[in-house]
Every structure is written in C-alpha cells, then in structure tokens.
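Let's take a walk through this fold, one piece at a time. Keep the viewer open and follow along.

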Amino acid sequence: MRSFTGARGGMQTLTNRKRVVSVVMMALMSAANICAQDSATTGKTTEKNAAPASARETTKKQQDTPPQTSRVEANSAEQVSTEQYTLSHERYEKAVAYSRAGYTLYFFYYFLGAIVLFLILRLGVAAKFRDIAENVSDKRWIQALVFVPLLFLTIDLLDLPVSIYWHALSRRYEQSIQGWGSWLSDWMKREFLRMGFAFVIILILFAVMRRSPRRWWLYFWFPTVLILLGLIVVTPLVIDPMFNKFEPLNKRYPDLVASIEKLTEHAGVPIPAEQMFLMMASEKTNAINAYVTGLGASKRVVIWDTTLQKTSRDEALFIVGHELGHYVLGHVRRGFFMGAAGLLFALYFLFRGLQWALDRWGKDWKIRGQEDWAAFVVLLLLLQMLLFCSSPVINGLSRMEEHAADIYGLEVIHGLVPNSEEVAAHAFQILGELDLSDPNPPEFITFWLYSHPPLADRLVFAHTYDPWAKGESPKYVK
Ligand SMILES: [Zn+2]
C-alpha cells in the first residue's frame with residue numbers, strides 16, 4: 001500500500017513486510033505491501049502517538065525553542081511559517097530514542113529470523129517436522145496440513161518476544177494505545193491467515209516442483225502472480241476489515257468529501273465518493289496516516305480517523321491530495337507489475353540457491369532433495385536474505401513515488417487552499433510530532449529503510465515548492 005507516512009524505516013516496515021509467511025507468501029506479502037498501500041508520511045504504519053492535546057501547543061512553542069532539527073536555513077522574511085521540522089526538547093529526545101530503537105530492532109529482527117531458520121535446519125528440526133508429517137498420512141495435502149502449522153508456530157513463537165518488545169515500546173512512547181488482549185488477538189488472526197496462505201502456497205509449489213524439477217521457478221511464477229493480483233484486490237475487502245473498522249467517508253464527513261471532490265475536479269480525475277473510506281485507527285493508535293490501496297473494484301483512498309481529529313481541514317486535504325497522487329499516478333498498479341517482475345527474479349534466485357545449499361548441506365540437514373517438505377525452510381531462509389538485501393532497492397523506488405505524490409498533493413491543493421505551501425508544511429510538522437518522526441535519520445538508515453523521504457526534507461520541500469511564482473508549469477496538475 002501507499003501511505004502518507006511510512007514505516008520510518010523501522011519496525012513498522014517489518015511488522016508489515018516481515019510478517020513473513022512462506023516462501024512466496026513473504027514475497028507476495030511484501031510485494032502486495034509495496035504495491036497496494038501508500039502512506040503519506042514517512043513510512044510507519046503501526047504506531048506512534050503523541051500527546052494529542054499538546055500538538056498544537058508544541059507547534060507554537062517551537063518558536064521559542066531553538067530548532068534542533070533544521071537542515072535548511074530559514075528563508076528570510078516570511079511571516080510565522082513552518083520552514084523547518086522542529087520539536088520541543090522533550091519530543092526531540094523521544095523521537096530520536098524511539099526511532100533508533102526501531103532501526104535497531106529492525107536489523108535485529110532480520111538477524112534473529114535468519115538464525116532461527118538456520119537452527120531449525122542445523123538441529124534437524126525441519127527434518128523432524130517432515131517425518132512427523134509423513135508419518136501421519138500418505139496424502140500430500142494432509143502432510144502439508146501438519147507440516148505448515150508445526151513450522152510456522154515454531155518460527156513465530158521464537159520471534160514473538162521481539163514483537164512483544166516492540167509493542168511495549170510503542171505503548172511506552174504513546175504511539176500505540178492498543179491493549180495487550182487486542183494485540184494478541186490481532187497476532188493470532190495474522191497467524192491463522194499466514195498459515196492458511198502458506199498451506200496453499202506450499203501445496204502449489206511442491207506440486208509444480210515435482211512435475212518440473214528444473215523449471216519450477218518459471219511455472220510457479222504464473223500462479224504466484226495471480227495470487228498477488230488476487231491479494232491486492234481482496235485485501236481491502238476481506239483482510240483489512242479483520243483488523244480495523246471502516247466506513248464510507250461520506251457518513252461522518254460529507255463536507256470533507258465535497259471538498260475532495262473539488263480537488264479531484266481540479267485534477268481532472270474524479271474519484272467516486274464510494275471509493276473513499278474512513279478507518280477507525282483511534283482505537284489502536286495515536287498516529288495519523290492515510291493510504292491508497294486495492295485494484296479494480298477494491299481501489300480506494302483510506303483516511304485514518306486520527307488524521308481528521310488532529311489536523312485542520314486544509315491539512316487533511318493536503319494529505320488526501322498526496323494519496324490522490326498515488327491513485328492518479330497509478331502507483332498501486334505499477335507496484336503490482338514491479339512486484340511480479342521482482343517475484344520472477346526472486347524465484348530464480350531461490351531455485352539456484354536451493355540447489356546450491358542442498359548440494360552442500362543437504363546431508364547435514366537430513367533433507368533428501370528439493371521436493372522434501374523440509375527444503376521449504378531453506379527457501380524461507382534464502383528468501384529472508386533476499387528480502388533483506390533488496391530492501392534498499394524497494395525503498396529507493398518507494399521514496400521516488402512518495403516524492404512524486406508529495407508534488408502532486410502540493411499542486412492539487414494550490415489555488416484551492418489558501419497559503420497551500422504553508423498548509424502542507426504544517427501538515428508534515430503535525431505528522432512528525434504525533435508520529436515521533438526522526439528529525440535527522442542517519443543517511444544509511446534512510447537509504448536502507450525509509451520508504452518515504454525523511455520528514456524534515458519533505459517539509460522543507462513542501463514549503464519551498466512554488467513553480468507558479470517562477471512562471472514554471474506544474475508537473476502533474478496543470
Ligand atoms: Zn504516499
């Protein structure tokens with residue numbers, strides 16, 4: 001999905017992407033994630049909160065506090081304006097501490113995940129699970145029905161402490177307000193989804209492998225692309241409502257829908273009111289966000305209720321404008337095509353990697369060949385490594401799209417919203433405060449983890465983007 005705010009790189013990305021599932025599951029999920037959603041801000045999706053009441057005050061207060069974040073010199077004589085992302089001392093410390101914890105956990109989580117998979121192979125646990133499955137029945141599908149839950153519950157229970165720690169941290173930093181019971185119930189739902197999905201994938205994969213031991217990577221690609229497409233279409237309709245409540249935006253905010261319609265007329269691309277939804281995020285989080293998701297009949301713009309509670313109407317319009325950018329520029333569709341291409345590459349890599357690993361360690365791990373259920377764990381490990389290494393590429397592409405959507409948002413509200421650059425810049429300021437965006441992320445972290453440009457850069461860009469004054473033609477909205 002394309003959202004307004006991204007996982008500031010850290011754990012949020014993980015929580016989405018890394019909810020690893022099965023070989024392709026993981027790739028599919030990450031691909032679906034890449035394509036389907038898009039948040040407007042920085043990249044986080046899970047939790048960030050901030051003392052909501054104080055948001056405005058802090059913003060005003062920032063005038064007395066020396067800016068701690070600034071990267072750009074103030075541009076002279078403007079009135080009171082949001083030229084830089086600035087935080088009060090207390091929020092600055094929190095934003096830095098919370099962000100750093102997220103980065104650290106991200107790397108740690110990947111590392112831990114790889115170690116867990118490696119140990120499952122090395123200690124013969126994978127082979128053991130295969131034996132159990134094969135002893136239960138001669139039918140392949142029943143074997144898979146035993147093998148998949150054994151494997152996934154083991155992996156996910158070993159990962160669970162890290163997830164718990166992250167949730168505790170988000171609660172401590174007042175990002176998440178989700179209670180443990182609700183959190184656990186979400187975890188279990190995801191677990192069921194993941195296992196169900198893995199079951200389907202593994203059955204198809206092994207059937208294809210047996211039929212075509214040397215070409216399975218190609219033949220398996222076709223069903224996975226279909227599944228990916230199906231996921232993008234179905235997720236907003238079936239899976240998202242399992243975790244959050246949605247309602248038509250029209251129901252509570254008809255005036256906002258009317259304003260959005262003006263925006264879309266301005267853009268020349270009307271979006272029907274039925275494709276705009278409100279998500280009740282406030283039950284679980286203090287963070288603000290919005291995203292575009294779905295394809296075909298499920299294509300939609302979704303705004304978190306927190307966003308509308310904590311920003312001014314004009315600021316919300318800018319955030320919606322950013323989402324319209326993704327919608328109009330076809331980022332979800334493009335994400336699908338890139339995901340499909342990436343999948344083909346990934347499957348070929350898995351094919352070669354599996355041969356290589358089994359030649360070397362197959363005996364040690366008691367794996368008989370690629371058709372052995374236990375070989376699935378090798379695929380998971382390889383996929384994990386591939387996903388990790390492709391993170392800079394995926395995020396680099398995402399940052400380009402996010403920047404384009406920012407430009408679109410700025411252009412689409414220009415002329416409709418008074419003082420639109422300031423409105424946009426201030427929207428980023430609010431977002432940063434509430435979501436505790438890192439004021440100054442290390443360059444390497446941005447390169448590796450950020451699905452959105454750093455907030456401070458986005459804010460400064462918004463504040464200074466003005467092709468109209470220079471007599472240039474705007475890029476997207478003429
Ligand atoms: Zn976006």
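What follows goes from the sheet to the core and then out to some of the helices. Bear in mind throughout that this is a predicted model.

Start with the sheet. Five strands make it up, it is open, and the order across it is β1-β4-β5-β3-β2, with mixed pairing. Which strands stand at the edges? They are β1 (2-3) and β2 (246-248); each has a single partner strand, so one side of each is left without a neighbour in the sheet. As background, strands of a sheet pair through backbone hydrogen bonds, either parallel or antiparallel.

Now step across from the β1 edge. β1 and β4 run antiparallel and are joined by two bridges, and in one of the pairings Ser 3 has Tyr 291 of β4 as its bridge partner. Strand β4 covers residues 290-293, and both of its faces are covered: Ala 290 and Val 292 are buried on one side, Tyr 291 and Thr 293 on the other.

Moving on, β4 pairs with β5 through four bridges, again in the antiparallel sense. If you want to check the register, look for Ala 290 opposite Ile 303 and for Thr 293 opposite Arg 300. The two strands form a hairpin with six residues between them, and in that hairpin Gly 294 takes a positive phi near 85°.

How many residues of β5 are buried? Five of its five are, so to speak, under cover. Arg 300, Val 302 and Trp 304 are on one side, while Val 301 and Ile 303 are on the other, and all of them are buried. With β3 (residues 276-279), strand β5 (residues 300-304) pairs in the parallel sense, over four bridges. Here Phe 277 stands opposite Val 302, and Leu 278 has Ile 303 as its bridge partner.

Ile 303 is a handy place to leave the sheet and look at the core. The largest nonpolar core has 98 residues, and Ile 303 is among those with the most contacts inside it, along with Val 320, Leu 350, Val 377, Leu 379 and Phe 428. The largest share of this core, 16 residues, comes from helix α15 (residues 375-413). Apart from it lies another core, of six residues, among them Tyr 103, Tyr 106, Ile 445 and Leu 449. Back at Ile 303, leaving out residues up to four places away in sequence, the residues touched are Leu 249, Leu 278, Met 279, Ala 290, Leu 308 and Val 320.

Next, look at Asp 305, which is found in helix α12 (residues 305-310). Is Asp 305 buried or exposed? It is buried, because 20 other C-beta atoms lie within 10 Å, and 20 is where the buried class begins. Setting aside neighbours within four places in sequence, Asp 305 is in contact with Leu 278, Met 279, Met 280, Ala 281 and Ser 282. Take Met 280 from that list: Asp 305 and Met 280 are 25 residues apart in sequence, yet their C-alpha atoms are 5.4 Å apart in space.

On to the helices. Helix α13 (residues 313-328) has 16 residues and reaches 22 Å from its first C-alpha to its last, close to the 22 Å expected at 1.5 Å a residue. It is mostly covered, with 13 of its 16 residues buried. Just after α13, Gly 330 takes a positive phi of about 70°.

Helix α16 (residues 420-435) invites the length check too: at 1.5 Å a residue its 16 residues should span 22 Å, and the end C-alpha atoms are 22 Å apart, which agrees. Of those 16 residues, 15 are buried, so α16 is largely enclosed by the rest of the structure. After α16 comes Leu 436, with a positive phi near 55°.

Finally, turn to a pair of packed helices. Helix α6 (residues 140-172) and helix α7 (residues 180-211) pack at an angle of about 145°, with their axes 9 Å apart. The crossing of α6 past α7 is right-handed. On the α6 side, the residues making the contact include Trp 141, Leu 145, Phe 152 and His 167, and on the α7 side they include Trp 183, Arg 194, Phe 199 and Leu 203.

Notes: Residues are numbered from 1 along each chain as its sequence is written. This is a predicted model: local features need pLDDT of at least 70, side-chain atom pairs count only at pLDDT 80 or more; totals for chains, interfaces and linings use all residues. A nonpolar core is a set of buried Ala, Val, Leu, Ile, Met, Phe, Trp, Tyr and Cys residues joined through C-beta atoms within 7 Å. A residue is buried if 20 or more other C-beta atoms lie within 10 Å of its own, exposed if 12 or fewer, and partly exposed in between; C-beta atoms are placed from the backbone. Two residues are in contact if their C-beta atoms, placed from the backbone, lie within 7 Å. The expected span of a helix is 1.5 Å times one less than its number of residues. Two strands pair if DSSP finds at least two bridges between them. Axes are lines fitted to C-alpha atoms, for helices over the stretch in contact, and angles run from 0 to 180 degrees between N-to-C directions. A crossing is left-handed if the near helix is turned anticlockwise from the far one by less than a right angle, and right-handed if clockwise.
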